[in-house]
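Subject: Structure handover

Hi,

Here is the structure I promised to pass on. My notes on what turned up in it follow below.

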Amino acid sequence: MSRLPTPITRPAPRTPAGSARRRGRREAATAWAFVLPSVLVILGLSVVPVLWSLLLSFQYSDLLTPSVWVGWDNYRQLADDPQFAQAVRNTLVYTALYVPLSIGLGLALALVLNRRIRFSGLYRTLLFVPFVVSAAAQGVLFSFILDPEFGAANALLHRLGLSPQGFLSDPAQALLVLVAISLWSGTGFCVVIYLAALQDVPRELIEAATLDGAERRHVLRHVTLPTIAPVSVFLLLWQTISALQVFDLVYVTTKGGPLGSTTVIVYFVWEQAFRNFTAGYGAAAAYVLGVALLVVAAGLRLVRRRDDRRLKGATS
Amino acid sequence: MTDLSHLPGRATDRLRPVGRTTGEPVARPRRRFRLPFSPWHLLLAPLALLFAVPLIWLGLSSVMSDAEINRFPPALWPSGIHLGGYRFVLGNAMFPRWFANSLIVSAVAVVSNLLLGTLGGYAFARMRFGGSRVLLVLMLATMAIPFQLTMIPTFLVMRKLGLVDTLGALIVPSLVTPFAVFLLRQFFLSLPRELEEAAWIDGCSRLRVLFQIVVPLSRPALSTVAVLTFLTTWNDLSWPLIALNHDANYTLQLGLTTFRGQHHTQWSAVMAGNVITVLPVLLAFLAAQKTFVRSITSTGLKG
């Protein structure tokens with residue numbers, strides 16, 4: 001750069017400490033300007049509602065007229081509400097089936113696809129694509145396929161000489177059918193995550209084990225699975241949290257029916273708040289679920305930390 | 001794989017390591033009775049087909065005539081391409097509106113997540129300001145808050161802002177997610193500092209450094225944020241269900257669920273609507289498949 005003549009009015013050189021401080025202050029101001037929109041939206045729409053929800057859960061509120069403080073009444077009422085008990089039961093059954101099945105199936109498929117096998121990319125895509133289909137679209141599609149009278153599923157059963165099924169309209173089957181639909185869309189996610197984890201299993205470990213004479217299943221049991229354990233814990237957490245929060249699919253397919261057989265907790269919360277206009281009661285139910293989720297997450301954290309320590313102990 | 005250990009072969013062959021995907025090809029000794037393909041295909045092909053069939057059936061049924069769909073058992077293959085369903089859906093007064101609504105909400109969410117996420121992520125990655133650590137941890141913690149805990153009060157907040165039953169109620173909460181801020185922060189941290197420092201010391205403003213040097217280098221992270229933001233906003237059902245009342249403001253997902261009740265007999269129209277709803281995410285996924293899968297697996301998911 002060409003040097004310009006020094007202007008006569010040039011200000012006296014600032015002391016380095018002062019200019020650094022001023023620069024730091026300006027830097028902080030810029031930084032705050034950068035983060036402020038995100039902070040307002042994210043914290044404003046999470047921290048405020050979480051606290052508000054807690055307050056609501058101790059009130060009688062219909063979202064319209066001023067609410068009344070009722071203390072623990074909502075929670076007490078929840079404890080005696082057979083519909084809520086059923087919602088909790090349904091959610092637990094759904095979670096207990098969906099989580100292990102999706103993870104188990106995902107792991108098995110990932111182990112197979114991780115071999116040098118032709119078309120594995122195609123298989124992975126086919127398994128994963130349902131994951132990007134919205135729950136609304138899934139619900140509409142499967143209501144059509146599983147329609148007891150006109151659906152393709154019963155047509156297929158008919159051709160095979162089997163008796164037609166009620167599927168989503170049968171109280172004994174509806175929840176299981178929902179699990180099956182969720183497996184259709186959610187297994188691919190587990191496959192993809194496990195495939196990525198398997199790439200990270202150190203080749204040397206496997207080769208060392210094979211040289212030591214370990215058989216394939218031993219390598220799997222003692223090398224592969226322990227190495228991908230953190231991913232398994234992650235998936236367990238992730239799938240459990242999403243299973244406990246299932247709503248969209250239920251809303252689109254069964255609306256909680258038939259006979260409440262598919263009413264899950266979030267559906268119960270939504271129904272209380274926005275259909276029956278007992279928002280305080282709904283908020284209390286939401287808090288019960290929120291605390292349950294917290295316990296799950298904290299429990300898994302503990303397990304994970306213990307595992308980490310054990311792993312560290314093993315390698316050092 | 002079927003157990004081939006009884007077949008003659010070198011001992012090492014039986015001990016072939018599992019879990020290999022990379023590395024040099026293994027010279028396999030010849031075996032006498034070998035299938036021309038891996039036996040695993042016998043398991044994988046039917047399973048993959050099973051996963052694909054519902055979507056194939058979605059496409060097929062959307063081009064069937066109603067007569068073909070409504071007879072029992074329904075036709076398994078359309079006799080020709082009947083576009084009656086599509087014509088009905090697109091000629092419907094509401095459907096194109098729902099599509100436009102979804103498109104507006106998703107487009108705003110994508111642009112704004114990129115912009116605000118970049119600004120926030122950069123400040124957290126590179127700038128020093130009081131309370132930044134606490135703020136970052138707080139933002140991260142909000143990712144763990146389940147939706148149903150916030151849905152009732154968020155509705156009340158939106159009502160206070162006068163946004164209920166407008167697209168604004170959908171746009172405001174999706175303007176920026178902690179995920180976007182955090183992912184971009186992680187990415188910016190991985191960039192070499194020197195690139196920016198030179199420009200910064202030369203007197204460039206932070207904003208210019210960010211948009212002229214950092215952003216062009218961050219295409220992978222930005223496209224990840226864009227794709228995932230599009231996917232979640234386009235596919236969302238529960239929040240529109242709570243925030244919107246009049247069907248003129250519905251999004252595609254929400255419209256689709258009411259559509260079914262209204263036109264119960266006209267399954268071809270419902271399926272055509274469903275195809276139109278699914279297609280954008282499907283195309284986005286196929287176009288960005290590599291990025292997409294990588295982003296899913298790398299965004300802090302692997303411990």
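Contact here means heavy atoms within 4.5 Å. On that basis, 102 residues of chain B touch 99 residues of chain A.

Before the rest, some housekeeping. This is a predicted model, so local features need pLDDT of at least 70 and side-chain atom pairs count only at pLDDT 80 or more, while totals for chains, interfaces and linings use all residues. Residues are numbered from 1 along each chain as its sequence is written, chains are lettered from A and ligands numbered from 1 in the order in which they are written, and side-chain values use heavy atoms, with hydrogens and water left out.

**The interface**

Chain A and chain B bury about 9,200 Å² between them, with 75% of that on carbon and sulfur atoms (buried area being the accessible area, 1.4 Å probe, that two parts lose on being put together, summed over both). The pair has one salt bridge between them, meaning a side-chain nitrogen of Lys or Arg within 4 Å of a carboxyl oxygen of Asp or Glu. Glu27(A) and Arg206(B) make it, at 3.0 Å from N to O. Over all chains, the whole structure has five salt bridges.

**Chain B**

Chain B has 16 helices and zero strands (DSSP runs numbered from the N terminus: H or I of at least four residues for helices, E of at least two for strands). Of its 303 residues, 52% are buried, where buried means under 20% relative accessible area, exposed over 50%, and partly exposed in between (1.4 Å probe, protein chains only). Among chain B contacts between residues at least 6 apart in sequence, 71% join residues at least 24 apart. The chain exposes about 14,500 Å², and carbon and sulfur atoms supply 66% of it (Shrake-Rupley method, 1.4 Å probe; for residues, only the protein chains shown count as cover).

**Chain A, helix 9 and what follows**

Which residues of helix 9 (residues 203–211) are buried? They are Ile206(A), Ala209(A) and Thr210(A). Seen down the axis, these buried residues fall within an arc of 100°, so they line one face of the helix (the arc is that of the directions from the helix axis to the C-beta atoms). The face turned away from that buried side carries exposed Glu204(A) and Leu211(A). Helix 10 (216–227) of chain A is included in what covers the buried residues.

Helix 9 also holds a salt bridge from Arg203(A) to Glu207(A), with the closest N and O atoms 3.1 Å apart. The two are four residues apart, about one helical turn. Arg203(A) is partly exposed at 23%, and Glu207(A) is too, at 34%.

Just after helix 9, Gly213(A) takes a positive phi of about 95°. A little further along the chain, Arg217(A) pairs with Glu215(A) in a salt bridge, closest N and O atoms 3.4 Å apart. Arg217(A) is exposed at 54% relative accessibility, whereas Glu215(A) is partly exposed at 40%.

**Chain A, helix 3**

In helix 3 (residues 73–80), Asp73(A) and Arg76(A) sit three residues apart, about one helical turn. They form a salt bridge with closest N and O atoms 3.0 Å apart. Asp73(A) is partly exposed at 38%, and Arg76(A) is exposed at 52%.

**From the record**

An unreviewed UniProt entry lists residues 88–302 of chain A as "domain: ABC transmembrane type-1"; such annotations may be inferred rather than shown by experiment. In the model, the end C-alpha atoms of that span lie 25 Å apart, and the span is 75% helix and 0% strand.

Cheers
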